[in-house]
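Biologist: I'd like to go through this one slowly, and I'll keep asking how you get from a value to a word. Ready?

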Amino acid sequence: MHLVFLGPPGSGKGTQAKALADKLKIAHISTGDVLRNEIKMATELGLLAKSFMDMGELVPDDLMLKMIKDILQKKPDGFIFDGFPRTAAQAEGLENLLNELGKQIDAVIYLTAKDEDLLKRLQGRYYCADCDLDYNINTRPPKMAGICDSCGEKLRQRSDDTDEVILHRLDVYRERTKPVEEFYRLRGLLKEIDGSQPPDRVTSLVMGAVG
Ligand code: AMP
């Protein structure tokens, strides 16, 4: 199965895409995670991407499409793209790449939420760099404030989860990523789900939508 998760930052796409990929036993490809890993490894792509990511801007389409081409060439049987495509040009590029491989997107899960909920979620988001666990002080707080339940390390916030950058990322989503919604709606692939509901409820709706 080939799926795309679409939605504004903070809509829960990462959490839901991970849960669904585990259930379906297919690859979860978060382009944000791939890029953060490139930065950690100080690759050429990582160095190029960092300045865009720190400002809440999108990494240019040609870099993203080259990265996706490399990932697709490793030919995962099934996959969920989380955070890609984020522009109409990326959606077209992905369609062309998949056509060449004789594949196509089966469904696009579109998670929606109100701006005030998105803001609250992003402001409350923390992670443990050691064990890669995610927390949220509003919905999934650690037992001890600021400390990872599992390994006791100090929790961190993503460098692009500051108020100023969050607001900019929401603007960028509205301007650049909204057209992707229309791209997939026209192809009859869009499954819209209210992402402001409790995570378990969203997971069962997502499961129902990909049937
Ligand atoms: P995310 O983890 O999905 O919130 O992505 C974090 C950042 O990575 C974004 O704000 C962008 O700077 C960059 N990024 C991730 N995916 C893409 C994409 N498909 N196109 C351009 N930039 C991306």
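Modeller: Ready! Let's begin with K25, which sits in the loop between α1 (13–24) and β2 (27–30). Keep in mind that this is a predicted model.

Biologist: Why is K25 called exposed?

Modeller: Its relative accessibility is 73%, and exposed means over 50%, so K25 counts as exposed. K25 also has a positive phi, near 55°, in a residue other than glycine.

Biologist: And what makes D132 count as exposed?

Modeller: D132 comes out at 60% relative accessibility. The cut-off is over 50%, so D132 gets the word exposed. You'll find D132 in the loop between β5 (125–127) and β6 (134–136), and its phi is positive too, near 65°.

Biologist: Now the rings. How many aromatic pairs does a search of the whole structure find?

Modeller: That search finds 3 aromatic pairs. One of them is F79 with F81, with 4.7 Å from centre to centre and 50° between the planes.

Biologist: How do you know that F79 and F81 form a pair, and why is it called tilted?

Modeller: Rings pair if their centres lie within 6.5 Å, and here the value is 4.7 Å. For the angle, under 30 degrees would be stacked and over 60 edge-to-face; 50° is neither, so this pair is tilted. F79 and F81 also belong to one aromatic cluster with F84.

Biologist: Are F79 and F81 buried or exposed?

Modeller: F79 has a relative accessible area of 0%, and F81 is at 0% as well. Buried means under 20%, so F79 is buried and F81 is buried.

Biologist: What joins F84 and P85?

Modeller: A cis peptide bond, with omega at about 0°. P85 is in the loop between β3 (79–82) and α5 (88–100).

Biologist: What makes you say R187 lies over the face of F183?

Modeller: R187 is 3.6 Å from the ring centre. The distance limit is 6 Å, so R187 fits that part of the test.

Biologist: Last stop, the ligand. How do you know that the side chain of T31 makes a polar contact with it?

Modeller: An N or O atom in that side chain is 2.8 Å from a ligand nitrogen. A polar contact needs such a pair within 3.5 Å, so T31 qualifies. Q90 passes too, with a polar side-chain atom 2.9 Å from a nitrogen of the ligand. The protein buries 96% of the 480 Å² that the ligand exposes when taken alone.

Conventions
Residues are numbered from 1 along each chain as its sequence is written. This is a predicted model: local features need pLDDT of at least 70, side-chain atom pairs count only at pLDDT 80 or more; totals for chains, interfaces and linings use all residues. Side-chain values use heavy atoms; hydrogens and water are left out. A polar contact is a pair of N or O atoms within 3.5 Å; within protein, one must be able to donate a hydrogen and the other to accept it, and residues adjacent in sequence count only if both atoms are side-chain atoms. Accessible areas come from the Shrake-Rupley method with a 1.4 Å probe; for residues, only the protein chains shown count as cover. Rings of Phe, Tyr and Trp (its six-membered ring) pair if their centres lie within 6.5 Å; planes under 30 degrees apart count as stacked, over 60 as edge-to-face and the rest as tilted. Buried means under 20% relative accessible area, exposed over 50%, partly exposed in between (1.4 Å probe, protein chains only). A charge sits over a ring if NZ of Lys or CZ of Arg is within 6 Å of the ring centre and within 35 degrees of the ring normal. Helices (H or I, at least four residues) and strands (E, at least two) are DSSP runs, numbered from the N terminus.
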